[in-house]
Amino acid sequence: MRTFIQHRLFLPPNRWLAVALCLAAPALFAQNAPVVLDRVLVVVNQQPILQSDLDRELRLAVLDPNIAFSRRPQPSEALDRIISRTLILQQLAQQPPMETAQLQQAVDRRMNELRAELPACVRLNCKSAAGWRAFLDESKLTTAEIENYIRQQVLILDFIEKRFRPGIHITADQIAAYYRISLLPQYSDPKLAPQLDAVSTRIAEILLEQQVNLLLEDWLATLRKDGDLEFLDRSYEPIGGAQ
(Lines give C-alpha, C1' and ligand atoms only; values in the text may rest on other atoms or scores of the structure.)
Protein backbone atom coordinates (compact mmCIF):
# COMPACT_ATOMS: atom_id res chain seq x y z
CA MET A 1 0.00 0.00 0.00
CA ARG A 2 2.72 2.31 -0.92
CA THR A 3 0.30 3.55 -2.93
CA PHE A 4 2.69 9.08 -0.66
CA ILE A 5 2.18 19.04 2.48
CA GLN A 6 0.19 20.10 -0.37
CA HIS A 7 -0.95 23.70 -0.93
CA ARG A 8 -4.59 24.62 -0.37
CA LEU A 9 -6.71 27.04 -2.36
CA PHE A 10 -10.21 27.47 -1.08
CA LEU A 11 -12.04 29.65 -3.57
CA PRO A 12 -15.75 29.79 -4.44
CA PRO A 13 -16.59 28.20 -7.83
CA ASN A 14 -17.18 31.55 -9.51
CA ARG A 15 -13.56 32.49 -8.94
CA TRP A 16 -11.98 29.61 -10.87
CA LEU A 17 -11.97 31.79 -13.97
CA ALA A 18 -9.88 34.30 -12.04
CA VAL A 19 -7.48 31.52 -11.06
CA ALA A 20 -7.15 30.41 -14.66
CA LEU A 21 -6.45 33.97 -15.77
CA CYS A 22 -3.84 34.43 -13.07
CA LEU A 23 -2.12 31.28 -14.27
CA ALA A 24 -1.88 32.55 -17.83
CA ALA A 25 1.25 34.28 -19.09
CA PRO A 26 1.38 38.10 -19.17
CA ALA A 27 1.11 37.84 -22.95
CA LEU A 28 -2.58 37.13 -22.40
CA PHE A 29 -3.02 40.84 -21.87
CA ALA A 30 -0.70 41.87 -24.70
CA GLN A 31 -1.13 41.70 -28.44
CA ASN A 32 0.82 38.45 -28.70
CA ALA A 33 -0.93 35.07 -28.49
CA PRO A 34 -1.44 33.92 -24.86
CA VAL A 35 0.83 31.28 -23.37
CA VAL A 36 -0.87 29.27 -20.62
CA LEU A 37 1.53 28.42 -17.81
CA ASP A 38 -0.84 26.17 -15.87
CA ARG A 39 -4.48 25.17 -15.72
CA VAL A 40 -6.92 23.55 -13.32
CA LEU A 41 -7.85 19.96 -14.27
CA VAL A 42 -10.17 19.05 -11.41
CA VAL A 43 -11.39 20.60 -8.17
CA VAL A 44 -11.61 18.26 -5.18
CA ASN A 45 -13.74 19.75 -2.40
CA GLN A 46 -12.72 23.26 -3.47
CA GLN A 47 -9.05 22.26 -3.76
CA PRO A 48 -7.70 22.57 -7.32
CA ILE A 49 -5.45 19.99 -8.97
CA LEU A 50 -3.35 21.63 -11.66
CA GLN A 51 -1.72 20.40 -14.83
CA SER A 52 1.63 21.00 -13.11
CA ASP A 53 0.54 18.64 -10.29
CA LEU A 54 -0.20 15.94 -12.85
CA ASP A 55 3.11 16.53 -14.65
CA ARG A 56 4.93 16.17 -11.35
CA GLU A 57 3.03 12.98 -10.48
CA LEU A 58 4.08 11.45 -13.80
CA ARG A 59 7.73 12.29 -13.07
CA LEU A 60 7.43 10.89 -9.54
CA ALA A 61 6.43 7.51 -11.01
CA VAL A 62 10.16 6.81 -11.28
CA LEU A 63 10.06 6.20 -7.51
CA ASP A 64 7.81 3.16 -8.05
CA PRO A 65 9.74 0.42 -9.90
CA ASN A 66 6.50 -1.51 -10.52
CA ILE A 67 5.24 1.40 -12.62
CA ALA A 68 8.54 2.59 -14.03
CA PHE A 69 9.59 -0.79 -15.43
CA SER A 70 6.28 -2.35 -16.41
CA ARG A 71 4.93 0.41 -18.64
CA ARG A 72 4.75 4.14 -19.09
CA PRO A 73 2.37 5.67 -16.50
CA GLN A 74 -0.89 6.95 -17.94
CA PRO A 75 -2.03 10.54 -17.13
CA SER A 76 -5.56 9.40 -16.22
CA GLU A 77 -4.19 6.88 -13.72
CA ALA A 78 -1.79 9.43 -12.26
CA LEU A 79 -4.61 11.96 -11.86
CA ASP A 80 -6.74 9.31 -10.15
CA ARG A 81 -3.92 8.72 -7.64
CA ILE A 82 -3.69 12.45 -6.96
CA ILE A 83 -7.44 12.66 -6.35
CA SER A 84 -7.38 9.72 -3.93
CA ARG A 85 -4.36 11.12 -2.11
CA THR A 86 -5.99 14.55 -1.89
CA LEU A 87 -9.18 13.09 -0.41
CA ILE A 88 -7.19 11.19 2.22
CA LEU A 89 -5.03 14.20 3.11
CA GLN A 90 -8.16 16.31 3.53
CA GLN A 91 -9.46 13.78 6.04
CA LEU A 92 -6.06 13.50 7.67
CA ALA A 93 -5.99 17.27 8.24
CA GLN A 94 -8.90 16.82 10.66
CA GLN A 95 -6.89 14.40 12.84
CA PRO A 96 -4.20 15.14 15.46
CA PRO A 97 -0.92 15.73 13.59
CA MET A 98 1.89 13.20 13.61
CA GLU A 99 4.72 14.17 15.94
CA THR A 100 7.20 16.30 13.95
CA ALA A 101 10.38 14.48 14.97
CA GLN A 102 8.81 11.08 14.33
CA LEU A 103 7.62 12.20 10.90
CA GLN A 104 11.04 13.57 9.92
CA GLN A 105 12.78 10.40 11.08
CA ALA A 106 10.44 8.30 8.95
CA VAL A 107 11.01 10.57 5.92
CA ASP A 108 14.80 10.47 6.36
CA ARG A 109 14.76 6.68 6.72
CA ARG A 110 12.66 6.26 3.57
CA MET A 111 14.88 8.68 1.64
CA ASN A 112 17.96 6.67 2.61
CA GLU A 113 16.25 3.43 1.54
CA LEU A 114 15.26 4.99 -1.78
CA ARG A 115 18.78 6.23 -2.53
CA ALA A 116 20.21 2.81 -1.70
CA GLU A 117 17.63 0.44 -3.21
CA LEU A 118 15.78 2.11 -6.09
CA PRO A 119 17.09 0.45 -9.29
CA ALA A 120 17.75 3.78 -11.00
CA CYS A 121 19.62 4.94 -7.90
CA VAL A 122 21.68 1.77 -7.75
CA ARG A 123 22.72 2.38 -11.35
CA LEU A 124 23.66 6.00 -10.66
CA ASN A 125 24.98 5.46 -7.12
CA CYS A 126 22.54 7.88 -5.51
CA LYS A 127 24.22 7.44 -2.15
CA SER A 128 26.89 9.79 -3.46
CA ALA A 129 26.18 13.50 -3.95
CA ALA A 130 27.12 13.32 -7.63
CA GLY A 131 24.94 10.26 -8.22
CA TRP A 132 21.97 11.88 -6.50
CA ARG A 133 22.34 15.01 -8.64
CA ALA A 134 22.48 12.81 -11.74
CA PHE A 135 19.29 11.02 -10.67
CA LEU A 136 17.48 14.32 -10.06
CA ASP A 137 18.58 15.68 -13.43
CA GLU A 138 17.56 12.49 -15.23
CA SER A 139 14.16 12.37 -13.48
CA LYS A 140 13.54 16.14 -13.76
CA LEU A 141 12.77 16.22 -10.02
CA THR A 142 14.06 18.13 -7.01
CA THR A 143 14.97 16.79 -3.58
CA ALA A 144 12.16 18.91 -2.11
CA GLU A 145 9.57 17.33 -4.45
CA ILE A 146 10.68 13.81 -3.52
CA GLU A 147 10.77 14.56 0.20
CA ASN A 148 7.30 16.10 0.07
CA TYR A 149 5.97 13.04 -1.79
CA ILE A 150 7.52 10.69 0.78
CA ARG A 151 6.21 12.85 3.64
CA GLN A 152 2.68 12.45 2.29
CA GLN A 153 3.21 8.69 1.97
CA VAL A 154 4.35 8.42 5.59
CA LEU A 155 1.40 10.47 6.87
CA ILE A 156 -1.13 8.50 4.83
CA LEU A 157 0.24 5.08 5.79
CA ASP A 158 0.26 6.08 9.47
CA PHE A 159 -3.34 7.31 9.15
CA ILE A 160 -4.46 4.09 7.43
CA GLU A 161 -2.76 1.93 10.06
CA LYS A 162 -4.51 3.75 12.89
CA ARG A 163 -7.91 3.94 11.21
CA PHE A 164 -8.34 0.47 9.73
CA ARG A 165 -6.03 -2.12 11.27
CA PRO A 166 -7.27 -2.09 14.90
CA GLY A 167 -10.70 -3.39 13.88
CA ILE A 168 -9.40 -6.36 11.86
CA HIS A 169 -8.90 -9.80 13.40
CA ILE A 170 -7.34 -12.62 11.38
CA THR A 171 -8.40 -16.08 12.60
CA ALA A 172 -6.49 -19.35 12.52
CA ASP A 173 -9.12 -20.75 10.13
CA GLN A 174 -8.48 -17.89 7.68
CA ILE A 175 -4.74 -18.53 7.82
CA ALA A 176 -5.21 -22.26 7.26
CA ALA A 177 -7.57 -21.64 4.35
CA TYR A 178 -5.10 -19.28 2.65
CA TYR A 179 -2.32 -21.84 3.16
CA ARG A 180 -4.42 -24.61 1.62
CA ILE A 181 -6.01 -22.65 -1.23
CA SER A 182 -3.40 -20.06 -2.20
CA LEU A 183 0.03 -21.26 -1.08
CA LEU A 184 0.11 -25.04 -1.51
CA PRO A 185 -0.97 -24.98 -5.21
CA GLN A 186 2.17 -22.98 -5.97
CA TYR A 187 4.27 -26.11 -5.33
CA SER A 188 4.30 -29.01 -7.77
CA ASP A 189 5.10 -31.28 -4.83
CA PRO A 190 3.24 -30.35 -1.62
CA LYS A 191 6.07 -31.94 0.37
CA LEU A 192 8.31 -29.07 -0.77
CA ALA A 193 5.98 -26.45 0.70
CA PRO A 194 6.89 -24.91 4.05
CA GLN A 195 4.94 -26.03 7.09
CA LEU A 196 1.94 -23.93 8.08
CA ASP A 197 3.50 -22.95 11.41
CA ALA A 198 6.54 -21.55 9.60
CA VAL A 199 4.55 -19.19 7.40
CA SER A 200 1.47 -18.44 9.49
CA THR A 201 2.77 -15.05 10.63
CA ARG A 202 3.48 -13.95 7.06
CA ILE A 203 0.09 -15.24 5.87
CA ALA A 204 -1.59 -13.25 8.64
CA GLU A 205 0.21 -10.13 7.42
CA ILE A 206 -0.95 -10.76 3.84
CA LEU A 207 -4.56 -11.30 4.93
CA LEU A 208 -4.44 -8.22 7.13
CA GLU A 209 -3.14 -6.11 4.25
CA GLN A 210 -5.87 -7.48 1.96
CA GLN A 211 -8.55 -6.55 4.49
CA VAL A 212 -7.09 -3.07 4.96
CA ASN A 213 -7.02 -2.55 1.19
CA LEU A 214 -10.69 -3.56 0.88
CA LEU A 215 -11.73 -1.21 3.68
CA LEU A 216 -9.62 1.57 2.18
CA GLU A 217 -11.16 1.11 -1.28
CA ASP A 218 -14.69 1.22 0.14
CA TRP A 219 -13.86 4.29 2.22
CA LEU A 220 -12.33 6.11 -0.75
CA ALA A 221 -15.37 5.25 -2.89
CA THR A 222 -17.56 6.86 -0.22
CA LEU A 223 -15.35 9.95 -0.07
CA ARG A 224 -15.63 10.32 -3.85
CA LYS A 225 -19.38 9.80 -3.80
CA ASP A 226 -20.02 12.25 -0.97
CA GLY A 227 -17.36 14.75 -2.01
CA ASP A 228 -17.47 17.58 -4.53
CA LEU A 229 -15.40 16.61 -7.57
CA GLU A 230 -15.59 18.96 -10.54
CA PHE A 231 -13.66 17.98 -13.67
CA LEU A 232 -12.81 21.17 -15.56
CA ASP A 233 -10.94 19.11 -18.16
CA ARG A 234 -13.67 16.76 -19.38
CA SER A 235 -11.16 14.40 -20.99
CA TYR A 236 -10.28 13.12 -17.50
CA GLU A 237 -13.85 12.76 -16.22
CA PRO A 238 -14.86 9.14 -15.51
CA ILE A 239 -17.55 7.63 -17.72
CA GLY A 240 -20.90 8.42 -16.13
CA GLY A 241 -19.60 11.52 -14.37
CA ALA A 242 -17.38 12.14 -11.36
CA GLN A 243 -17.16 9.25 -8.94
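These legends describe close-up views of helix α10 and its surroundings in a predicted model.

Local features need pLDDT of at least 70, side-chain atom pairs count only at pLDDT 80 or more, and totals for chains, interfaces and linings use all residues. Residues are numbered from 1 along each chain as its sequence is written, and side-chain values use heavy atoms, without hydrogens and water.

**View 1. Helix α10, residues 196-226.** This helix has 31 residues. Its first and last C-alpha atoms lie 43 Å apart, close to the 45 Å expected at 1.5 Å a residue (1.5 Å times one less than the number of residues). At R202, α10 bends by about 30° (the angle between axes fitted to the seven residues ending there and the seven starting there). Helices are DSSP runs of H or I, at least four residues; strands are runs of E, at least two.

**View 2. Packing of α9 (residues 172-183) on α10.** The axes, fitted to C-alpha atoms over the stretch in contact, are 9 Å apart at about 95° (angles run from 0 to 180 degrees between N-to-C directions). That makes α9 roughly perpendicular to α10 (65 to 115 degrees). Contact means heavy atoms within 4.5 Å. From α9, residues including I175, Y178 and L183 meet α10 residues, among them V199, I203 and L207.

**View 3. Buried residues of α10.** Among them are V199, I203, L207, W219 and R224 (buried: under 20% relative accessible area, 1.4 Å probe, protein chains only). Their cover includes α4 (75-92), α8 (143-164), α9 and β3 (229-231).

**View 4. G227, in the loop between α10 and β3.** G227 has 25% relative accessibility, so this residue counts as partly exposed (20% to 50%). The C-alpha atoms of G227 and Q46 are separated by 9.8 Å, with the two residues 181 apart along the chain.

Note on methods: Angles under 35 degrees count as roughly parallel, over 145 as roughly antiparallel, 65 to 115 as roughly perpendicular and the rest as oblique.
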